[in-house]
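Hi,

Here is the structure I promised to pass on. Have a look at it first, and my notes on what turned up are underneath.

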Amino acid sequence: MYENPRLVLDSSNPPEAGSITWRSPSNIALIKYWGKYGNQLPRNPSLSLTLSASCTDTQLEYAFKDEAHGSAIDLDFFFHQSENEEFKVKTLAYLESLSAIYPFLKQLKLTVRTGNSFPHSAGIASSASAMSALALCLCSLEDKLFGTLQDGAEFDKKASYLARLGSGSACRSIFPHAAVWGETSLVAGSSNEFAVPVGDLIHDTFKDFHDDILIVSSAEKAVSSRAGHALMDDNPFAEPRYAQARQRLEMLLGAMRTGDLETFGKIAEDEALTLHALMMCSNPSYILMQPDSLAIIEKVREYRAETGHQVYFTLDAGPNIHLLYPGDIIHEVRKFIEDELAEHCENGYVQQDWVGEGPEEM
Ligand code: PMV
């Protein structure tokens, strides 16, 4: 869609060296993306809230290099100030995969310096924030070198598209408050290729919303998301699941439009449990929840029944619990977490987060 052989630098008029920095947040899906086809295209539309505190800062330095220096992409990669070979190899493969979109990358010496706001290996998914931050840097670089992304909406769309190629869910992190990724008649302009903002379609309640992440375990997952998506191909419940996601998206968008927290929360919890149920009935089957995940879920449901406070949970593909609640009950919920839930967390660790305004260029 964005292949462009004209994005090549003129070696008789080389650009000055420079650098670009973006801070980009993670996001939490309410309607889950689980199952894909082709080049990172989703089997069903998903909807997420954009977070704020869990983010990645990425600086991209660039300098023109002589053709004589070869035509492979030239990259140095630093993660939290240290060279990181594993991330470098992954990033190189990603940048190579963009060579038809960005042929000029081969003409530059690139240095990426990146870091997360949350402790490394806290068990918080970092691919969404990391890939969206890098994609935003690349779009800024294109615009700096060629002036071709002046339009804000076009810039965001391309950044979302490029982020998707790195990690599917990353395409939703580009937008403030909430985003939908995947073609659906419910959202004008929606696409399987990139996410679109839906902040304007939701009640203000969800713009002052919290997601405190209860870290049950920071250990690396036994089954990666990539492998999990692949197992959906032979999952006997795959087709009904994709249909269910579409129905739930419609119900969720309705509830988020009117501020119906009960319906919102029911769908969020049902989606989380469906995601994990799909893992349990994959072949081979696997379980990512842990006893403490279940203990927290039980306590959240009890607390809600007893107090009437609108606190709900969701999970991504791991054992950690995301607690979702509106800002007006923050004091009550934080006390509940401290008194009853922190004991189920690894070293009592809770990453406090909330719905945010999306990425910013630094
Ligand atoms: O973006 P990926 O390939 O890591 O997949 C993410 C999948 C879930 O986090 C489980 C759901 C989602 O929509 O973010």
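A good place to start is the open sheet of 4 strands, which run in the order β11-β12-β10-β13 with antiparallel pairing. Its edge strands are β11 (312-314) and β13 (350-351), each of which pairs on one side only. Keep in mind that this is a predicted model. Where β11 meets strand β12 (residues 321-326), the two are antiparallel and share 3 bridges. If you want a pair of residues to find there, Tyr312 stands opposite Leu324 in β12.

Next, have a look at β5. Strand β5 (residues 74-79) pairs with strand β7 (residues 108-116) in the parallel sense, over 6 bridges. β5 also pairs with strand β6 (residues 82-83), this time in the antiparallel sense and over 2 bridges. Phe78 is a handy residue to click on: its bridge partner in β7 is Arg113, and its bridge partner in β6 is Glu83.

The turn between β5 and β6 is worth a zoom too. This hairpin has 2 residues between the strands, and His80 takes a positive phi near 50° there. Gln81 sits in the loop between β5 and β6 as well, and although it is not a glycine, it has a positive phi of about 70°. Why mention such values at all? Because most residues other than glycine have a negative phi, and most peptide bonds are trans.

Is Gln81 buried or exposed? Its relative accessibility is 76%, so Gln81 counts as exposed, the cut-off for that being over 50%. Compare His177, another residue other than glycine with a positive phi, near 65°. His177 is found in the loop between α3 (152-166) and β8 (178-181). With a relative accessible area of 13%, His177 is buried, because that word applies under 20%.

There is also a cis peptide bond to look at: it joins Asn283 and Pro284, with omega at about 5°. Pro284 belongs to the loop between α6 (261-280) and α7 (291-307).

Now for the ligand. Which residues come nearest to the ligand? Of the 13 residues around it, those are Tyr33, Ser167, Ser169, Arg172 and His229. Three side chains bring an N or O atom up to an oxygen atom of the ligand. For Ser169 the distance is 2.6 Å, for His229 it is 3.0 Å, and for Ser167 it is 3.3 Å. On its own the ligand has 370 Å² of accessible area, and the protein covers 89% of that. As for the make-up of the shell around the ligand, it divides into 5 nonpolar, 5 polar and 3 charged residues.

Last, the cysteines. How many disulfides does a search of the whole structure find? The count is 0. Take Cys137, which is in no disulfide: the nearest cysteine sulfur belongs to Cys139 and is 9.6 Å away, while a disulfide needs the two sulfur atoms within 2.5 Å. Cys137 is buried, since its relative accessible area is 0% and the limit is under 20%. Cys345, at 8% relative accessible area, is buried too.

That's my list. Happy browsing!

Definitions and conventions. Residues are numbered from 1 along each chain as its sequence is written. This is a predicted model: local features need pLDDT of at least 70, side-chain atom pairs count only at pLDDT 80 or more; totals for chains, interfaces and linings use all residues. Side-chain values use heavy atoms; hydrogens and water are left out. Two strands pair if DSSP finds at least two bridges between them. A residue is near a molecule or strand if one of its heavy atoms lies within 4 Å of it. A polar contact is a pair of N or O atoms within 3.5 Å; within protein, one must be able to donate a hydrogen and the other to accept it, and residues adjacent in sequence count only if both atoms are side-chain atoms. Accessible areas come from the Shrake-Rupley method with a 1.4 Å probe; for residues, only the protein chains shown count as cover. Ala, Val, Leu, Ile, Met, Phe, Trp, Tyr, Cys and Pro count as nonpolar, Asp, Glu, Lys and Arg as charged, and the others, Gly among them, as polar. Buried means under 20% relative accessible area, exposed over 50%, partly exposed in between (1.4 Å probe, protein chains only).
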